[in-house]
Amino acid sequence: MATKRLLTGLPEDADLRRADSLAREIFSDVANKWALLIIEALGDETRRFSALRDEVEGISHKMLTQNLRMLERNGLVDRKVHPTVPPRVEYTLTEAGRGLRATVDAMCAWTHRHLGHIETSRRRFDA
C-alpha cells in the first residue's frame, strides 16, 4: 500500500474520481470491510490484538495485521507497545479514527434499518 505520490495541494489530490488522486488511495484503504469492522470493534475502547481478532469474526491474523498497519499509517489508529515479555500491544482510535467511526456507525445503522428490504430484494432477484 505504498503512496503513489505526495499531496501537492492541487484540487486533483482530493478528487475521488481521479485514479491517481491521493484521496482515492486513502478512500480505497479505509473503505474495505476489514478496516470498517476493525474501526467498529475498536469503538471508544483500547484493545489488544487478540481481543480485536476475537471481536472481528473471520479475520485472519495476517489480514488483521495488514489492516491495523494501514490504519496506523493513515493516522486512524494509535499503536502502543508495552515493554513486557511477551510484548503487550494495544490499539486505540485517534481523533481522525473516531471521526471516521461516526460514519461507520451510520453505515451500520443504515444496514440494520434496511436489512429486511435488502433480504427481500435479494430473494426476488435470485428467483
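Trainee: What makes E90 count as buried?

Mentor: E90 has a relative accessible area of 19%. Buried means under 20% relative accessible area, exposed over 50%, and partly exposed in between, with a 1.4 Å probe and protein chains only. So 19% puts E90 in the buried class. Keep in mind that this is a predicted model, where local features need pLDDT of at least 70, side-chain atom pairs count only at pLDDT 80 or more, and totals for chains, interfaces and linings use all residues. Residues are numbered from 1 along each chain as its sequence is written, and side-chain values use heavy atoms, with hydrogens and water left out.

Trainee: Where is E90, and which residues is it in contact with?

Mentor: E90 lies in strand 3. Helices (H or I, at least four residues) and strands (E, at least two) are DSSP runs, numbered from the N terminus. Contact means heavy atoms within 4.5 Å. Leaving aside neighbours within four places in sequence, E90 is in contact with T46, R47, R48, D78, R79, K80 and H82.

Trainee: Why is the pair R88 and E90 called a salt bridge?

Mentor: The term asks for a side-chain nitrogen of Lys or Arg within 4 Å of a carboxyl oxygen of Asp or Glu. The closest N and O atoms of R88 and E90 are 3.4 Å apart, so the pair fits the rule. R88 itself is partly exposed, at 27% relative accessibility.

Trainee: How do you know that R123 and E119 are about one helical turn apart?

Mentor: They are four residues apart in helix 5 (residues 95-126), which means about one helical turn separates them. Their closest N and O atoms are 3.7 Å apart, and they form a salt bridge. R123 counts as exposed because its relative accessibility is 53%, whereas E119, at 47%, counts as partly exposed. Elsewhere, D44, R101 and D105 are joined into one network by salt bridges that share partners.

Trainee: How many salt bridges are there by this rule?

Mentor: The count comes to seven. One of them joins the side chains of D15 and R17, at 3.1 Å from N to O. R17 counts as exposed, because its relative accessibility is 70%.

Trainee: What makes helix 2 and helix 5 roughly perpendicular?

Mentor: Two packed helices are described by the angle between their axes and the distance between the axes. Here the angle is about 105 degrees, with the axes 9 Å apart. Axes are lines fitted to C-alpha atoms, for helices over the stretch in contact, and angles run from 0 to 180 degrees between N-to-C directions. Angles under 35 degrees count as roughly parallel, over 145 as roughly antiparallel, 65 to 115 as roughly perpendicular and the rest as oblique. Helix 2 is therefore roughly perpendicular to helix 5. The contact is made by L36, I39 and E40 of helix 2, and by residues of helix 5 including V104.

Trainee: Why is V104 called buried?

Mentor: Its relative accessible area is 3%, so V104 counts as buried.

Trainee: What makes a set of residues a nonpolar core?

Mentor: The members are buried Ala, Val, Leu, Ile, Met, Phe, Trp, Tyr and Cys residues joined through side-chain atoms within 4.5 Å. The largest such core has 22 residues, and Y91 is among those that touch the most other members. Helix 2 gives the most to this core, with seven residues.
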